[in-house]
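Subject: Handing over the two-chain model

Hello,

As promised, here is the structure for you to load and turn around. My notes on it follow below, grouped by region.

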Amino acid sequence: MPEFQRFSYDVLVIGAGGAGLRAAIEAAATGAKVGVVCKSLLGKAHTVMAEGGIAAALANVDDRDSWRVHFADTMRGGQYLNNWRMAELHAKEAPECVRELEAWGALFDRTKDGKILQRNFGGHRYPRLAHVGDRTGLEMIRTLQDHGIHTGMEVNMECTVLSLLMDSGRVAGACGYDRERGRFHVWQEKAVVLATGGIGRAFKVTSNSWEYTGDGLALAYRVGAELQDMEFVQFHPTGMVWPISVRGILVTEGVRGEGGVLRNSEGRRFMFDDIPDLYKEQTADTEEEGWRYTQGDKNARRPPELLTRDHVARCINREVKAGRGSPHGGVFLDISWIKQHISKSEEHIKRKLPSMYHQFKQLADLDITKEPMEVGPTTHYMMGGIRVDGDSQMSTVPGLFAAGEAAAGLHGANRLGGNSLSDLVVFGRRAGRYAAEFAKSNGATVIDEQHLQSTANDALTPFERGPTGENPYQIQYDLQDKMQDLVGIVRTENEMQQALDIIAQLYKRVERVGITGNREYNNGWHTAVDVANLMIVSEAVTRAALLRKESRGAQFREDFPTKDTEWGKYNIVVKQSQDDEMQIEQRAIAPMPEELKAVIEEMK
Amino acid sequence: MATQATFRIWRGDPAGGTFQDYTTPVEEGMVVLDAVHRIQAQQVTDLAVRWNCKAGKCGSCSAEINGMPKLMCMTRLSDINLEMPVILEPMHAFPPIRDLVTDVSWNFRAKKTIKQFQPRSPDFPDGTWRMQQADVERVQEFRKCIECFLCQDVCHVLREHHKHDEFIGPRLLVYAAALEMHPLDTEDRVSDLRRRHNIGYCNITTCCRQVCPESITITENAIIPLKERVVDQFFDPLKQLFHIL
């Protein structure tokens, strides 16, 4: 019988990116005993990849900004499928959370009068993103990490979580193994916060790190929690396309925020050709006006390159399909052209976009101060996730909380750039607070020893199959290939039905997965666990996308290319049925209070 | 560019190990980590390698490539001589776990021994501060650090002399410098730097600076100014003279 090392906490946080760390800090501040379990080393989570900034209506650069404008922008971006309560709380609490980061040592770029500087970003009416060059995520995770290690939280690095444990309807703990030795662990607790991030590894071209395999979503789903908005996967318009081995690596929206423009092979700024009605009023008429906007002219309107990500991604896709793409199947993103307006533009670009300069120089042998980049859409972010209560972040399973990308609601059908970093701290903080409260007001839990043993035994069976079993890496590649082709940026009924058939076959292969070697730091073993989680989220994405017979936000259905008012009244909810089938249903969105409706009207 | 290449990878655990050769197809634009992944997926599924972002931002895939400490995700095959086997080893300054993965947990424990950030009271009643960009930039250089620990790997105090219990190494000196030079910080870490963290062990050979993938000027901008602070506080001849008088 497999042995378990046993740990006991009040609150267990799974995931140590921005949301997980912020939740752990908050829970620890209430005096709760907090354990953190993470897949990687501390400080390596995907948050480090965030570049552009953190959105908060500080109004440091433009005093017309306020939570009301931020709220309206977020709802408009999400095409009104957002959990409006989360959008409200987010807009109200983000400024405080940014100031909190500064009090813990974060060093944001400054305005001339010494305040936190804010930059323009797609879909935000005013300059709103507090930033550190183009490495804001790193600044944020390091700040939370360095503050967090002094709060008494216990960090379990490089662990794989296999299953959540239940005790009479509430979550009682989690079990898994440590990578280093492959020893099984059980973490008993009174409340769990899932902050495991997104699902980007379900697709072939992705900006996401290997960790993003939907673990939290799958863990929650298996204990009966509801998932929501799974059809909404954000494809970021600008990822690297060449060389092939770096395809998908993100090129920050900050490039466009600083004046970068998109051109096709004919040299045309094609974004001017297709401006959605919802944004006509706010978009520049001329290239010259667009340039002035990026340089902080308050009377100018934004260039069409800074329209929402879903729209820009589809326009790029269209140019490539029409044969007007760049040599390696993307389009051109040019920041070097600003030399027409700025003397010493090379220095300026290097200072504003240091990581981008570095990334292209090193990986593609390209100097972005002199030449245009080649870019194309890349899987970037999951708007959907675990359905939570807007105030407390508790899922539909008592004691199980979720925050950050793993939770659904804030972003609706499409996320605005910069709203993810603020999401992490606003809702990480809330999840931590309410999880600690839940732990305090609910007694100790009992671990289901039988479930524990069967989980461990199941986790070890792939070793028995050894090399005769299915190769876990190959299953993952095949899944990524098919999801990219059949459930990607442009979707149709036919292709998604095909995808479901393929997913059904892949499930069978996952059951036959085999692993060689021993349990110590065995990447094959980790991949076998990851791919099982990816299967669940991929199925959920496909089923939800099939059910939503319209195009809205990140979901584009070629067979239903327009937005349908009726569909605007529903979220899609996914849940595991009693007999382990995936259940899918429409759930009406709760009516918005009059005062919030008024804010949206006022900002139209 | 060659169409295939051989990688001589150290395979083993704390008890010991050997180099094994793996040949794999290579293409234009590939980095070392791509080749390792290909070998792992097609030939040895249990090959242990630590990686995350594959974009030079997380600092997980540190290793020694032909003897040079580097990030595997940022080392292009086109910059390496593929006529010879490419030698891949784990970092030497830390205990091996398996294959290319080392136990770097010491860095996290050592970091905790450095006194944390302590800001001055806010400048304004709304809890905010004012700082100038120039003051911030000095520290932002240090905060670019991705904690890949390659600087720790080449530091002879750690690598050759194994002084992990007495010396915190270049990464954590950079961390201490970021705190000491933070415009808002009020804590004093100078005494700790001298007595507890033994900054004096560093004799400024600049090996750390040379391997930093973020090009942080570790020695000149971080360590030397800290050494100067130690000297100012403890070895000022004028102060000593007054002390004697």
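Let me begin with a hairpin in chain A: strand β19 (residues 570-576) and strand β20 (residues 582-588) run antiparallel and are joined by seven bridges. Please keep in mind throughout that this is a predicted model. Two of the facing residues are easy to pick out on screen: A:V574 stands opposite A:I584 in β20(A), and A:N571 has A:R587 of β20(A) as its bridge partner. Five residues lie between the two strands of the hairpin, and A:D580 takes a positive phi near 65° there.

The hairpin is part of something wider. An open sheet of four strands in chain A has the order β17-β12-β19-β20, with antiparallel pairing. Its edges are β17 (385-386) and β20 of chain A; each has a single partner strand, so one side of each is left without a neighbour in the sheet. Helix α16 (residues 523-547) of chain A lies across β19 and β20, and runs at about 45° to β20(A).

A second open sheet in chain A also deserves a look. Four strands make it up, in the order β13-β16-β15-β14, and the pairing is antiparallel. Which strands stand at the edges here? They are β13 (233-240) and β14 (261-263) of chain A, and since each has a single partner strand, one side of each is left without a neighbour in the sheet. On average, neighbouring strands of this sheet are turned by 45° against each other, direction ignored. As for the pairing of β14(A) with strand β15 (residues 331-334) of chain A, it is antiparallel and covers three bridges; one place to see it is A:R263, whose bridge partner in β15(A) is A:F332.

Strand β16 (residues 373-382) of chain A holds A:P377. Leaving aside neighbours within four places in sequence, A:P377 is in contact with A:V205, A:H236, A:P237, A:A313, A:I316 and A:I489. If you would like a distance to check your numbering against, A:P377 and A:Y221 are 156 residues apart in sequence and 29 Å apart in space, C-alpha to C-alpha.

Now for some backbone geometry you may want to inspect before any setup. Most residues other than glycine have a negative phi, and most peptide bonds are trans. Against that background, the peptide bond from A:W242 to A:P243 is cis, with omega near -5°. A:P243 lies in the loop between β13 and α6 (254-257) of chain A. Then there is A:Q79, which is not a glycine and yet has a positive phi of about 55°; look for A:Q79 in the loop between α2 (67-77) and α3 (84-103) of chain A.

On to the interface. How many residues does each chain bring to the contact? Chain A gives 64 residues and chain B gives 59 residues. Together the two chains bury about 5,300 Å², with 52% of it on carbon and sulfur atoms. Of the area that chain B buries against chain A, B:N52, B:K57 and B:R143 supply 14%, more than any other three residues.

The polar side of the interface has plenty to browse. Between chain B and chain A, 37 residue pairs are in polar contact, both residues being at pLDDT 80 or more. The elements that give two or more residues to the side of chain B that touches chain A are α1 (32-42), β6 (96-98), α2 (105-112) and α3 (133-143) of chain B. With five residues, α3(B) gives the most to that side. By class, the side of chain B that touches chain A has 30 nonpolar, twelve polar and 17 charged residues.

Finally, the charged pairs. Side chains of opposite charge can pair when their charged atoms come close. A search of the whole structure finds 82 salt bridges over all chains, and the count between chain B and chain A is six. Among them is the pair of A:E139 and B:R143, at 2.6 Å from N to O. B:E147 and A:R142 also meet in a salt bridge, at 3.6 Å from N to O. That pair crosses between chains, from B:E147 in the loop between α3 and α4 (150-154) of chain B to A:R142 in helix α4 (residues 136-148) of chain A.

Happy browsing, and do write back with any thoughts.

Best wishes

Note on methods
Residues are numbered from 1 along each chain as its sequence is written. Chains are lettered from A and ligands numbered from 1 in the order in which they are written. This is a predicted model: local features need pLDDT of at least 70, side-chain atom pairs count only at pLDDT 80 or more; totals for chains, interfaces and linings use all residues. Side-chain values use heavy atoms; hydrogens and water are left out. Contact means heavy atoms within 4.5 Å. Buried area is the accessible area (1.4 Å probe) that two parts lose on being put together, summed over both. A salt bridge is a side-chain nitrogen of Lys or Arg within 4 Å of a carboxyl oxygen of Asp or Glu. A polar contact is a pair of N or O atoms within 3.5 Å; within protein, one must be able to donate a hydrogen and the other to accept it, and residues adjacent in sequence count only if both atoms are side-chain atoms. Ala, Val, Leu, Ile, Met, Phe, Trp, Tyr, Cys and Pro count as nonpolar, Asp, Glu, Lys and Arg as charged, and the others, Gly among them, as polar. Two strands pair if DSSP finds at least two bridges between them. Axes are lines fitted to C-alpha atoms, for helices over the stretch in contact, and angles run from 0 to 180 degrees between N-to-C directions.
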